Amino acid sequence: MKNIILAANWKLNKSPAETRRFFKTFFDEGKKKSFYAQIGKQFQVVFFPSTISLEATSESVKDSEVRFGGQNIYSESQGAFTGENSAKVIKELNGHYALIGHSERRQYFHESNSFLNKKIHHALKSDLIPMYCIGETLEERESGKTEAVLLAQLTEGLKEITSANGKTLVVAYEPVWAIGTGKIATADQVKETHAFVQKTLAKLDLEQTPILYGGSVKAANAQELIQIPHVSGFLVGGASLEAAAFLDLIQNSLA
Ligand code: PGA
């Protein structure tokens, strides 16, 4: 069985009170599932709440093997950086991960590959696992630029990050056109693209890196997608907002 990671990206959703309610249902219902005892052993479950709900998440998951992290970090942990988010604080709250370079950060906040590279270095230095997101837009795919875009995102974003760093890294491939649109990449597209990402990571001396797929993943398509070579799990937006739906997705990903 692959070492699967199932990650929930809540984006700008869920207040602290809503976060606590989600986790109450998630654990009440989750404990009835046969897979529950394997969380953190056979596979990982990771939540990325909004910054304001990190503490509620930390408190909610503290007696479990469920992990969490920040949706974004700045490349410095403290100082005169109004509005930014600190790796040190995520660590203090017992978080394990930092989501870096989500396409919404790239698109709306103009984060470049070289800036994201600084964040990845900073995450590793801060003892957080970077989950680095890559993906092409529809226009890039249709004009045959997918591989060139992914190659640049990987080589520039992962500059001087090698397995020699001795730390863990996760890559999430999310075609921008499949995020929140209900449009899912075909099994062939996922197979072909994940093979390319794997090949590129191997050239960068990072071949052990798990590669997650993201973009309109839900319980109904998880089982098919998880069978594809080099798909080590999912980064899930919409289908992670309801505890029951996310538990079904977890179940189907392990089937
Ligand atoms: P989606 O979002 O599952 O709602 O498409 C995925 C993501 O943005 O990480």
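A nonpolar core is taken here as a set of buried Ala, Val, Leu, Ile, Met, Phe, Trp, Tyr and Cys residues joined through side-chain atoms within 4.5 Å, where buried denotes under 20% relative accessible area, exposed over 50% and partly exposed in between (1.4 Å probe, protein chains only). The model is predicted, with local features requiring pLDDT of at least 70 and side-chain atom pairs counted only at pLDDT 80 or more, whereas totals for chains, interfaces and linings use all residues. Residues are numbered from 1 along each chain as its sequence is written, and side-chain values use heavy atoms, with hydrogens and water left out.

The largest nonpolar core comprises 62 residues, of which Phe26, Val45, Phe47, Leu158, Tyr213, Phe234 and Phe246 touch the most other members. Helix α10 (residues 243–254) contributes the largest share of this core, five residues; helices (H or I, at least four residues) and strands (E, at least two) are DSSP runs, numbered from the N terminus. Apart from this core lies another, of 13 residues, including Phe48, Met131, Val170 and Leu235.

Val170 belongs to strand β6 (residues 170–173) and counts as buried because its relative accessibility is 1%. Beyond its neighbours within four places in sequence, Val170 is in contact (heavy atoms within 4.5 Å) with Ile5, Tyr97, Ile129, Pro130, Met131, Tyr132, Thr209, Pro210 and Leu212. Of these partners, Thr209 is 39 residues from Val170 in sequence, with a C-alpha to C-alpha separation of 5.7 Å. With the same exclusion of sequence neighbours, the contacts of Leu158 are Asn117, Ile120, Tyr132, Gln153, Leu169, Leu201, Leu204 and Leu206.

Empty space was examined on a 1 Å grid over the protein atoms alone: a cavity is a set of points where a 1.4 Å probe fits but cannot get out, a pocket is an open set with protein on both sides within 12 Å along at least five of seven lines, and lining residues have an atom within 4 Å of a point. Grid points are joined across faces, edges and corners, and a volume is the space filled by probe spheres set on the points.

The largest pocket encloses about 440 Å³. Its lining consists of 16 residues, with Leu12, Gln71, Asn72, Arg105 and Phe109 nearest the centre. Helix α4 (residues 103–108) gives the most to this lining, three residues.

Two cavities of 30 Å³ or more are present, and the largest has a volume of about 40 Å³. Its lining is formed by Gly101, His102, Ser103, Arg106, Cys133, Ile134, Gly135, Gln153, Glu174 and Val176. Helix α4 and strand β5 (129–134) each supply at least two of these lining residues.
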